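Subject: Structure handover

Hello,

Here is the structure I promised to pass on. My notes follow below it.

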Amino acid sequence: MLTKRSHIVPVLAISLAVPATAVAAGDGGSGQPAVAVGDAQALTLPPLQEPIARFRHLVHVAAQRIRLEERAAQRRQRREAFAALPGGVSLSTLESIAACESGGDPTAVSSDGSYRGKFQFDYGTWESVGGHGDPAAAPEAEQNYRAAVLYSRSGSSPWPICG
């Protein structure tokens, strides 16, 4: 038994195809051919193509702006989250440790791969101060924050040469 629903898809397909073929094949109601065949005349667009192209461009630009604003908000939130260093540790203390450990490079990795990031954390120490994932992949502000947590707990002993 056929239901009313089984007829909806073909009817929609036909109703969408007929106007589209009319626009593509001919004048689209403007009285002018879409393409002057065999003539040196300029190509004329059907009347709806230009507004549709402008609309698509506006949607694309708006989507890009939204993505950029979201990324900026995420960066701002992360900066704010790690702005204040715990335990009264100064940024200059951390910077001197980082300069000695990695040359201040937040993406630095030791030759054997076991120490990573600006402060050359190993994975266990990184996780003990609340870090997740690869320390060398973490933003610099987070590395500073995690190093400050470690410094406030253990002083300079985790960095025996540079601390």
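The protein chain has five helices and zero strands. Along the sequence the pattern reads α-α-α-α-α. Please keep in mind that this is a predicted model. The protein chain has 163 residues, and 21% of them count as buried. Take the contacts in the protein chain with a separation of 6 or more: 40% of them join residues 24 or more positions apart.

**The core**

The largest nonpolar core has 15 residues. Those with the most contacts inside it are Leu94, Phe119, Phe121, Val129, Ala147, Leu150 and Trp159. Two or more residues each come from α3 (91-102) and α5 (140-154). Helix α5 gives the most to this core, with four residues.

Ala147 shows how the parts of the chain come together. Leaving aside neighbours within four places in sequence, Ala147 is in contact with Leu94, Phe119, Phe121 and Trp159. These four are also among the residues listed with the most contacts inside the core.

**Ile97 and Val149**

Ile97 sits in helix α3. Is Ile97 buried or exposed? Its relative accessibility is 2%, so Ile97 counts as buried, the cut-off being under 20%. Residues up to four places away in sequence aside, Ile97 touches Phe119, Tyr151, Trp159, Cys162 and Gly163. The C-alpha atoms of Ile97 and Ala147 are separated by 9.5 Å, with their positions 50 residues apart along the chain.

Val149 belongs to helix α5. Val149 counts as buried because its relative accessibility is 12%. Not counting residues up to four places away in sequence, Val149 touches Pro86 and Val129. Val149 and Pro86 are 63 residues apart in sequence, yet their C-alpha atoms are 5.9 Å apart in space.

**The aromatic rings**

How many aromatic pairs does the structure hold? There are four. One of them is Phe119 with Phe121, and this pair is edge-to-face. The rings lie 6.3 Å apart, centre to centre, with 65° between the planes. Both Phe119 and Phe121 are buried. Ring pairs link Phe119, Phe121, Trp126, Tyr151 and Trp159 into a cluster. Two members of that cluster, Tyr151 and Trp159, came up above as residues that Ile97 touches.

**The largest pocket**

The largest pocket holds about 170 Å³ of space. Which residues line the largest pocket? They are Glu101, Tyr115, Phe119, Gln120, Phe121, Asp122, Thr125, Leu150, Pro158, Trp159 and Pro160. By class, the lining has seven nonpolar, two polar and two charged residues. Phe119, Phe121 and Trp159 are therefore worth a look from both sides: they line the pocket, and they also belong to the ring cluster.**Gln120**

One backbone detail remains. Gln120 has a positive phi of about 55°, although Gln120 is not a glycine. Most residues other than glycine have a negative phi. Where is Gln120 found? Gln120 lies in the loop between α3 and α4 (123-128). Gln120 is buried, with a relative accessible area of 14%. Gln120 is also one of the residues that line the largest pocket.

That is what I have for now.

Best wishes

Key: Residues are numbered from 1 along each chain as its sequence is written. This is a predicted model: local features need pLDDT of at least 70, side-chain atom pairs count only at pLDDT 80 or more; totals for chains, interfaces and linings use all residues. Side-chain values use heavy atoms; hydrogens and water are left out. Rings of Phe, Tyr and Trp (its six-membered ring) pair if their centres lie within 6.5 Å; planes under 30 degrees apart count as stacked, over 60 as edge-to-face and the rest as tilted. Buried means under 20% relative accessible area, exposed over 50%, partly exposed in between (1.4 Å probe, protein chains only). On a 1 Å grid over the protein atoms alone, a cavity is a set of points where a 1.4 Å probe fits but cannot get out, and a pocket is an open set with protein on both sides within 12 Å along at least five of seven lines; lining residues have an atom within 4 Å of a point. Grid points are joined across faces, edges and corners, and a volume is the space filled by probe spheres set on the points. Ala, Val, Leu, Ile, Met, Phe, Trp, Tyr, Cys and Pro count as nonpolar, Asp, Glu, Lys and Arg as charged, and the others, Gly among them, as polar. A nonpolar core is a set of buried Ala, Val, Leu, Ile, Met, Phe, Trp, Tyr and Cys residues joined through side-chain atoms within 4.5 Å. Contact means heavy atoms within 4.5 Å.
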